[in-house]
Amino acid sequence: MKFGYKRTVAAATAMVLLGTGFGAYGVGAVAQDQVEAESVQADIANIETQSAGDNAPAIRFVASEVVQDIPEDSAPVDLTTDANSLRELVATTAVSEEMSREVRCLAQAVYFEARGEPLAGQLAVAKVVINRADHAQFPDDYCSVVTQRAQFSFVRGGRIPQPNAGSAAWNRARAIARIAHRDMWESEADDALYFHATYVKPRWARHKTTRARIDSHIFYR
């Protein structure tokens with residue numbers, strides 16, 4: 001997926017200091033470690049100075065852990081689930097307003113295109129957006145896919161309207177978006193790139209392969 005984010009922990013000099021600890025013996029071990037540690041710090045200072053002189057970013061090594069905050073939706077997650085149904089998975093998927101811009105766009109597409117559909121239909125709509133973001137023919141991120149001109153009827157002037165933030169439908173849409181984004185449940189729509197309502201018959205559909213019919217939507221590749 002294009003939106004992979006991880007919580008990163010770096011401890012570069014820890015391995016150097018560990019190696020010096022194993023090499024120290026006898027009464028002078030503590031003093032030796034201190035001298036070698038000071039030597040390492042001097043080398044680090046030289047590296048930083050040389051990098052700055054070359055107009056390149058300075059290389060920094062630290063002896064303590066550095067934790068980088070990552071958007072919640074992109075952090076590595078346990079994709080295993082004990083849910084016996086999509087409904088159960090939606091009910092147990094945590095949702096909050098703290099979501100990445102991309103996953104929010106995905107949730108808005110689900111909400112405005114399929115909030116009245118069964119959960120399988122909502123998941124299928126989310127998969128279409130994701131599949132498009134992965135396809136060379138379409139933009140390469142969720143928001144650009146959703147706001148692409150003349151693709152989704154709820155988009156006006158390239159802007160996505162705001163959902164009813166306090167509604168159960170919005171909570172379900174956010175849960176479905178996270179499930180689809182993390183590929184936690186298989187969709188009937190599989191690799192579909194297009195869909196339309198059953199009450200219309202667009203000409204383009206004649207040249208597409210039907211993947212699924214879920215309630216009032218038909219999905220195509």
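## The hairpin and its sheet

Strands β4 and β5 pair in the antiparallel sense, and four bridges hold this pairing in the description of the model, which is a predicted one. The two strands form a hairpin with two residues between them, and within that turn Asp215 has a positive phi of about 55°. At the hairpin, Ile214 stands opposite His217 of β5. His217 also has a partner in another pairing, since it is the bridge partner of Ala197.

That other pairing joins β3 to β5 (residues 217-220), again in the antiparallel sense and again over four bridges. Together the three strands make an open sheet in the order β3-β5-β4, with antiparallel pairing. Its edge strands are β3 (194-197) and β4 (210-214), each of which pairs on one side only. Neighbouring strands of this sheet are turned by 20° against each other on average, with direction ignored. Helix α5 (residues 119-133) packs on the sheet and touches β3, β4 and β5, while its direction makes about 30° with that of β5.

## Helix α4 and what covers it

Helix α4 (residues 101-114) is made of 14 residues and reaches 20 Å from its first C-alpha to its last, which is close to the 20 Å expected at 1.5 Å a residue. Of these 14 residues, 11 are buried, so the helix is largely enclosed by the rest of the structure. The buried residues include the apolar Val103, Leu106 and Val110, but also Glu102, Gln108 and Glu113. What covers the buried residues of α4 includes helices α5, α6 (142-147) and α7 (168-181), together with strands β3 and β5.

At the start of this helix, Arg101 and Glu102 form a salt bridge in which the closest N and O atoms are 3.3 Å apart. The two partners stand in contrasting surroundings: Glu102 is buried, with a relative accessible area of 11%, whereas Arg101 counts as exposed at 59% relative accessibility.

## A salt-bridge network around Asp191

A search of the whole structure finds three salt bridges. Apart from the pair in α4, Asp191 takes part in a network of salt bridges that links it with Arg211 and Arg221. The side chains of Asp191 and Arg211 meet at 2.6 Å, N to O. This pair links distant parts of the chain, with Asp191 in the loop between α7 and β3 and Arg211 in strand β4, 20 residues apart.

In the salt bridge between Arg221 and Asp191, the closest N and O atoms are 3.8 Å apart. Here too the partners come from distant parts of the chain, Arg221 lying in the segment after β5 and Asp191 in the loop between α7 and β3, 30 residues apart. Each member of the network counts as partly exposed: Asp191 at 22% relative accessibility, Arg211 at 34% and Arg221 at 32%.

## The β3-β4 loop and Tyr220

Ala205 lies in the loop between β3 and β4 and counts as buried, at 11% relative accessibility. Leaving aside residues up to four places away in sequence, Ala205 touches His196 and Tyr220. Ala205 and Tyr220 are 15 residues apart in sequence, and their C-alpha atoms are 7.5 Å apart in space.

Tyr220 also meets this loop through an aromatic contact. Trp204 and Tyr220 form an edge-to-face pair, with 5.6 Å from centre to centre and 80° between the planes. Trp204 lies in the loop between β3 and β4 and Tyr220 in strand β5, so the pair ties together parts that are 16 residues apart in sequence. Of the two residues, Tyr220 is buried, with a relative accessible area of 7%, while Trp204 counts as partly exposed at 32% relative accessibility.

## Aromatic cluster

The pair of Trp204 and Tyr220 belongs to a total of nine aromatic pairs in the structure. Ring pairs also link Tyr111, Phe112, Phe152, Phe154, Trp170, Phe195 and Phe219 into a cluster. Among the members of this cluster, Tyr111 is one of the buried residues of α4.

Notes. Residues numbered from 1 in each chain as written. Predicted model: local features only at pLDDT ≥ 70, side-chain atom pairs only at ≥ 80, totals over all residues. Heavy atoms only, no water. Pairing = 2+ DSSP bridges. Axes fitted to C-alpha atoms, helices over the stretch in contact; angles between N-to-C directions. Contact = heavy atoms within 4.5 Å. Expected span 1.5 Å × (residues − 1). Buried < 20%, exposed > 50% of the residue type's maximum accessible area, 1.4 Å probe, protein only. Salt bridge = Lys/Arg side-chain N within 4 Å of Asp/Glu carboxyl O. Phe/Tyr/Trp six-rings, centres within 6.5 Å; stacked < 30°, edge-to-face > 60°.
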